[in-house]
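Here is a friendly walk through a structure, meant to be read with the view open beside you. We will go from single residues to helices, domains and chains.

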Amino acid sequence: MASDANSQGKINADGKREIVMVGNHLAALAAVDSGCRFFGGYPITPSTEVMEAISDFLPRVGGTCIQMEDEIAGIAVAIGASMSGVKSMTATSGPGISLKAENLGLAQMAEVPLVVVDVMRGGPSTGLPTRVSQGDISQVKTPSHGDYKSIALCAGTLAECYTETVRAFNLADRFMQPVFVLLDATLGLMHAKAVLPTIEEVEAGIIPRKTFDGSNEDYRPYGVEQDEAAVLNPMFQGYRYHFTGLHHDAKGFPTEEIETCRKLIDRLFRKVDEHLDEIELNEEYMLDDAEILLIGYGSAALGIKEAVNRLRAEGIKVGMFRPITMWPSPEKRMHELGQKFDKVLSIELNMGQYLDEIQRCMGRLDIEKLIKVNGRPFSPKDITDKVKEVF
Amino acid sequence: MSMSTQLAAPENTPVWVDSARCKACDICVDACPAGVLSMKADPQSTLGANIEIVAIDACIGCSECELSCPDFAIYVATKQEFKFAKLTDSSKARQEAINENGYRLPTDYKEAN
């Protein structure tokens with residue numbers, strides 16, 4: 001669709017697309033294939049290739065890519081484009097998420113669908129720009145102040161840089177809020193073959209944003225059921241409503257009315273919480289007969305899988321659980337696994353940000369952890385050594 | 001996926017490779033600061049080349065190649081398993097020569113001493 005012969009890839013014997021690309025380019029390709037027609041952003045290592053690719057793809061399909069003066073303006077224009085009905089995206093790294101935090105809160109409150117790709121690098125602050133980390137896991141749960149429910153998807157393979165971006169666009173339009181796609185410096189810059197769904201398959205999975213087509217007098221964009229997302233018609237098409245970050249009523253106008261305020265925040269949670277089955281996605285690898293459970297996500301899971309293979313070759317029965325939807329977390333499944341497995345090891349490239357969530361979901365504190373915060377990935381040997389040391 | 005996984009270091013070996021997993025992406029050769037690794041022509045391989053260890057004694061044990069390999073094809077011994085060399089000027093010169101020659105050690109390369 002977007003794309004020239006190269007980004008179309010080659011159709012293999014199973015009818016899937018095979019393509020050789022870096023993860024960041026795959027995210028950009030996925031956006032355009034999903035119908036994204038606006039990108040606003042400001043380049044930052046290691047996410048720059050997302051913008052590089054989409055600045056090439058978008059003009060070919062009548063879309064717009066604009067480099068703004070900073071990360072803040074980058075998300076602000078993307079919010080504006082989304083309000084006018086265009087599927088929009090921005091991409092950045094952790095420091096950019098920090099800058100975008102205020103506008104992310106606005107998009108949560110006013111219910112503007114948006115895809116935000118975060119290619120994680122070492123932090124805090126400017127940190128380790130060219131090195132890998134998974135340090136933004138907590139950040140994307142609540143980048144802005146106030147109460148809301150983030151949706152964050154974490155790609156763990158090159159193909160998922162594509163498929164999770166596609167899913168993010170669908171979830172954003174379904175739940176009318178920003179959706180994060182987490183990549184990291186390893187995956188975003190990894191150049192290899194990815195097996196992808198065809199463009200026809202992607203297009204068949206797109207469910208358009210809900211719109212209201214009654215009369216303007218009856219239009220209540222925020223006056224929806226308590227477990228549903230707002231129905232925002234694109235601006236400039238004859239429907240009038242107010243757009244604000246303040247607590248607002250069914251028409252979008254600011255209010256301090258007690259019950260309206262309570263119901264608004266309650267709905268921001270329930271629209272996600274009551275539809276978890278539409279959001280949750282995990283991978284389970286060799287868990288059936290496993291005695292030791294390894295939990296990891298993102299690029300770290302590549303090393304974990306290899307470690308599982310090596311340990312199994314030695315007769316040590318390990319398996320891996322990998323959340324792909326990080327937020328909301330796979331609470332129920334992790335709780336079940338916590339009861340099934342005595343020996344649990346959490347593996348992540350931060351000081352244990354998701355370990356907190358694993359402990360909460362499993363309701364126990366005796367979970368071993370393997371962490372790394374020096375900007376380097378795990379080698380499978382780090383993991384096999386740790387398993388042998390603690391279990 | 002190949003399961004030819006070697007867990008313990010072969011005796012007295014700083015670095016070893018599973019060439020069945022190598023797709024010749026050149027990343028390890030670029031990452032090695034000591035000119036230990038190079039690509040060699042291999043018509044059977046996807047990209048026409050395969051990994052080769054050309055100066056095993058120069059390995060400093062930094063593990064950059066192992067950590068940068070997308071296919072887990074390289075293994076580096078630990079500092080307990082092997083006493084690694086120091087980074088020398090001739091190692092650096094060889095690394096530069098390999099990288100400048102498209103990640104392959106020039107056939108007529110002469111060690112700088």
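His25(A) sits in helix H2 (residues 23-33) of chain A; helices (H or I, at least four residues) and strands (E, at least two) are DSSP runs, numbered from the N terminus. Is His25(A) buried or exposed? His25(A) counts as buried because it has 25 C-beta neighbours inside 10 Å. Here a residue is buried if 20 or more other C-beta atoms lie within 10 Å of its own, exposed if 12 or fewer, and partly exposed in between, with C-beta atoms placed from the backbone. Leaving aside residues up to four places away in sequence, His25(A) touches Glu49(A) and Ala53(A), where contact asks for C-beta atoms, placed from the backbone, within 7 Å. The C-alpha atoms of His25(A) and His191(A) are 9.6 Å apart, with these positions 166 residues apart along the chain.

A word on the model itself: it is predicted, local features need pLDDT of at least 70, side-chain atom pairs count only at pLDDT 80 or more, and totals for chains, interfaces and linings use all residues. Residues are numbered from 1 along each chain as its sequence is written, while chains are lettered from A and ligands numbered from 1 in the order in which they are written.

Next, some backbone details. Two cis peptide bonds are worth finding in chain A, and the table places them.

| Cis peptide bond | Omega | Place of the proline |
|---|---|---|
| Thr45(A) to Pro46(A) | near 0 degrees | loop between strand E3 (38-41) and helix H3 (48-60) of chain A |
| Trp327(A) to Pro328(A) | about -10 degrees | loop between strand E14 (325-327) and helix H12 (331-340) of chain A |

Positive phi values are the next thing to look for. Ser125(A) has a phi of about 55 degrees although it is not a glycine, and it lies in the loop between strand E6 (114-122) and E7 of chain A. With 8 C-beta neighbours inside 10 Å, Ser125(A) counts as exposed. In chain B, Asp26(B) has a positive phi near 75 degrees and is likewise a residue other than glycine. Asp26(B) is in the loop between strand E1 (15-17) and helix H1 (27-31) of chain B, and is partly exposed, with 19 other C-beta atoms within 10 Å.

Now for a helix pair. The axes of H11 (residues 300-313) and H14 (residues 380-390), both of chain A, come within 8 Å and cross at roughly 55 degrees. H11(A) and H14(A) are therefore oblique to each other; angles under 35 degrees count as roughly parallel, over 145 as roughly antiparallel, 65 to 115 as roughly perpendicular and the rest as oblique. Among the residues that meet are Ile304(A) and Leu311(A) in H11(A), and Ile383(A) and Val387(A) in H14(A). This contact divides into 6 nonpolar, 2 polar and 2 charged residues. Ala, Val, Leu, Ile, Met, Phe, Trp, Tyr, Cys and Pro count as nonpolar, Asp, Glu, Lys and Arg as charged, and the others, Gly among them, as polar.

Chain A is divided into domain 1 (5-204) and domain 2 (283-390), with bounds from an automatic or database domain assignment. Their C-alpha centres lie 26 Å apart. The contact takes 25 residues from domain 1 and 18 residues from domain 2 of chain A.

Finally, the two chains meet: 13 residues of chain A are in contact with 10 residues of chain B. H11(A) gives the most to the side of chain A that touches chain B, with 4 residues.

Terms used: Axes are lines fitted to C-alpha atoms, for helices over the stretch in contact, and angles run from 0 to 180 degrees between N-to-C directions.
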